[in-house]
Amino acid sequence: MTIGADSSDIVVPDDLKNNVWITNIAKILDPVYNWGRRNSVWPMVFGLACCAIEMICTAASRYDLARFGMEVFRATPRQSDLMIISGTVTKKMVPTIVRLYNQMPEPRYVLAMGACASGGGPFKEGYTVVDGIDKFLPVDVYVPGCPPTPQALINGLIALQEKIDQQSIASVPWYTKGDPTADDVVPIPVLGPDLVDVRQLGIIRQQAALTKAETVEKEPVAAVETAVAADQ
Ligand code: SF4
C-alpha cells in the first residue's frame, strides 16, 4: 500500500496490481474521522424559549436521538459539540450565548432552530430581540418553523451529519494555524431596533449632514425650492 501519493503519478507493474493499493491518506482518514464525529455529536443542554420544548421532545424516547448518537446532552459547554439555539435570542442573552460557544472545544457546530433563532421570528425588530443568531455566531444549519417539529429538528441534525461527512481532516479550520474561529470576543448588543445600530448614530448623523451640504453646494436652487416646499 502506498500512502500519501497521487495514484495518477505511480506506475504499478501488472504482476503487482492485485496486491498494491494506492491511495491518499486523506481518503482513508476522512471517512473514519468523520464517521466517528458524525455519530457522536453531543448537544449542549441549552434552551431559550418555546422551541426548546420541541428539542426536549426530540431527545425523549419517542424520537430516540440515540439512533444518531446524539442522546447525550451535556450540561457543560466543555463537553459539547453542538449548540442548538432553540428559541428567541434576546439581546440580554447574547453575551452569555457567545461566551458558552467560546467555551466549547473544536470541532463545534451551531444549529439555529426555528424562526426566532434564524431571523428574529415574530419578534423581529423588537427592541430586545436580535434578528438572527448568525449575527454573532457561525451557524451551520438552519431549521425553519415556529416551532419546528421534532422531525424537522432531526432533519436538521441529519443535514449537520452530511456537512460533517464533507469535511476533510486536511482542511478543517481547527487544525490550521491561526484558527479563524478562535475568537473570544463577547459582543454586547444594545437595546433598540436592529434597523439602525444606535452605537453608530453619531456617524450616521455626520454622514447625513455631509450629504445634505454636498447637495446644497451642487444644486443650490433645487435645495432652496425643496426647503421652501418643506416649510410650506
Ligand atoms: S420560533 Fe416560534 S416557537 Fe420557536 S421560540 Fe420563536 S416564537 Fe417560540
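**Exercise 1. A residue in a loop**

Determine whether Arg108, with a relative accessibility of 9%, counts as buried or exposed, and describe its surroundings in this predicted model.

Solution.
Step 1. A residue is buried when its relative accessible area is under 20%. Arg108 has a relative accessibility of 9%, so it counts as buried.
Step 2. As to its place, Arg108 belongs to the loop between helix H3 (94-103) and strand S2.
Step 3. The side chain of Arg108 reaches the backbone oxygen of Met104, at 3.2 Å. A polar contact requires a pair of N or O atoms within 3.5 Å.

**Exercise 2. The overall plan**

State how many helices and strands the protein has, and in which pattern they follow along the sequence.

Solution.
Step 1. The protein has 7 helices and 3 strands.
Step 2. Along the sequence these elements give the pattern α-α-β-α-β-α-β-α-α-α.
Step 3. Of the 232 residues in the protein, 34% are buried.
Step 4. Among contacts with a separation of 6 or more, 74% are between residues 24 or more positions apart.

**Exercise 3. The sheet**

Establish the order of the strands in the sheet and explain which strands stand at its edges.

Solution.
Step 1. The 3 strands form an open sheet in the order S1-S2-S3, and their pairing is parallel.
Step 2. Strands S1 (82-86) and S3 (141-143) each have a single partner strand; they therefore stand at the edges, and one side of each is left without a neighbour in the sheet.
Step 3. Neighbouring strands of this sheet are turned against each other by 15° on average, direction ignored.
Step 4. S1 and S2 (residues 109-113) run parallel and are joined by 5 bridges. Across this pair, Ile84 stands opposite Leu111, and Ile85 stands opposite Ala112.
Step 5. Helix H2 (residues 50-59) lies across S1 and S2 and runs at about 130° to S1.

**Exercise 4. The two faces of S1 and S2**

Sort the residues of S1 and of S2 by the way they point, and state whether they are buried or exposed.

Solution.
Step 1. In a regular strand, side chains alternate between the two faces of the sheet.
Step 2. In S1, Leu82, Ile84 and Ser86 point one way, while Met83 and Ile85 point the other way; all are buried. S1 is thus mostly covered, with 5 of its 5 residues buried.
Step 3. In S2, Tyr109, Leu111 and Met113 point one way, while Val110 and Ala112 point the other way, and all are buried.
Step 4. Because 5 of the 5 residues of S2 are buried, this strand is largely enclosed by the rest of the structure.

**Exercise 5. Three residues compared with the cut-offs**

Classify Leu137, Gln161 and Ala152 by their relative accessible area, and place each in the structure.

Solution.
Step 1. Leu137 is located in the loop between H4 and S3. Its relative accessibility is 4%, so Leu137 counts as buried.
Step 2. Setting aside residues up to four places away in sequence, Leu137 touches Met83, Ile85, Ile97, Val98, Tyr101 and Val110. One of these, Val98, is 39 residues from Leu137 in sequence, and their C-alpha atoms are 7.1 Å apart in space.
Step 3. Gln161 lies in helix H5 (residues 150-165). With a relative accessible area of 4%, Gln161 is buried. Apart from neighbours within four places in sequence, Gln161 is in contact with Arg38, Asn39, Phe68 and Met70.
Step 4. Ala152 is also placed in helix H5. A relative accessible area of 24% makes Ala152 partly exposed, since that class lies between the limits of 20% and 50%. The C-alpha atoms of Ala152 and Met113 are 9.2 Å apart, and these residues are 39 residues apart along the chain.

**Exercise 6. The shell around the ligand**

List the residues around the ligand and divide them into nonpolar, polar and charged.

Solution.
Step 1. The residues around the ligand are Ala49, Cys50, Cys51, Gly87, Thr88, Ala115, Cys116, Pro122, Phe123, Gly145, Cys146 and Pro147.
Step 2. Two elements, H2 and helix H4 (114-119), give two or more residues to this shell.
Step 3. The shell divides into 9 nonpolar residues, 3 polar residues and no charged residues.

Methods. Residues are numbered from 1 along each chain as its sequence is written. This is a predicted model: local features need pLDDT of at least 70, side-chain atom pairs count only at pLDDT 80 or more; totals for chains, interfaces and linings use all residues. Side-chain values use heavy atoms; hydrogens and water are left out. Two strands pair if DSSP finds at least two bridges between them. Helices (H or I, at least four residues) and strands (E, at least two) are DSSP runs, numbered from the N terminus. Axes are lines fitted to C-alpha atoms, for helices over the stretch in contact, and angles run from 0 to 180 degrees between N-to-C directions. Contact means heavy atoms within 4.5 Å. Buried means under 20% relative accessible area, exposed over 50%, partly exposed in between (1.4 Å probe, protein chains only). A polar contact is a pair of N or O atoms within 3.5 Å; within protein, one must be able to donate a hydrogen and the other to accept it, and residues adjacent in sequence count only if both atoms are side-chain atoms. A residue is near a molecule or strand if one of its heavy atoms lies within 4 Å of it. Ala, Val, Leu, Ile, Met, Phe, Trp, Tyr, Cys and Pro count as nonpolar, Asp, Glu, Lys and Arg as charged, and the others, Gly among them, as polar.
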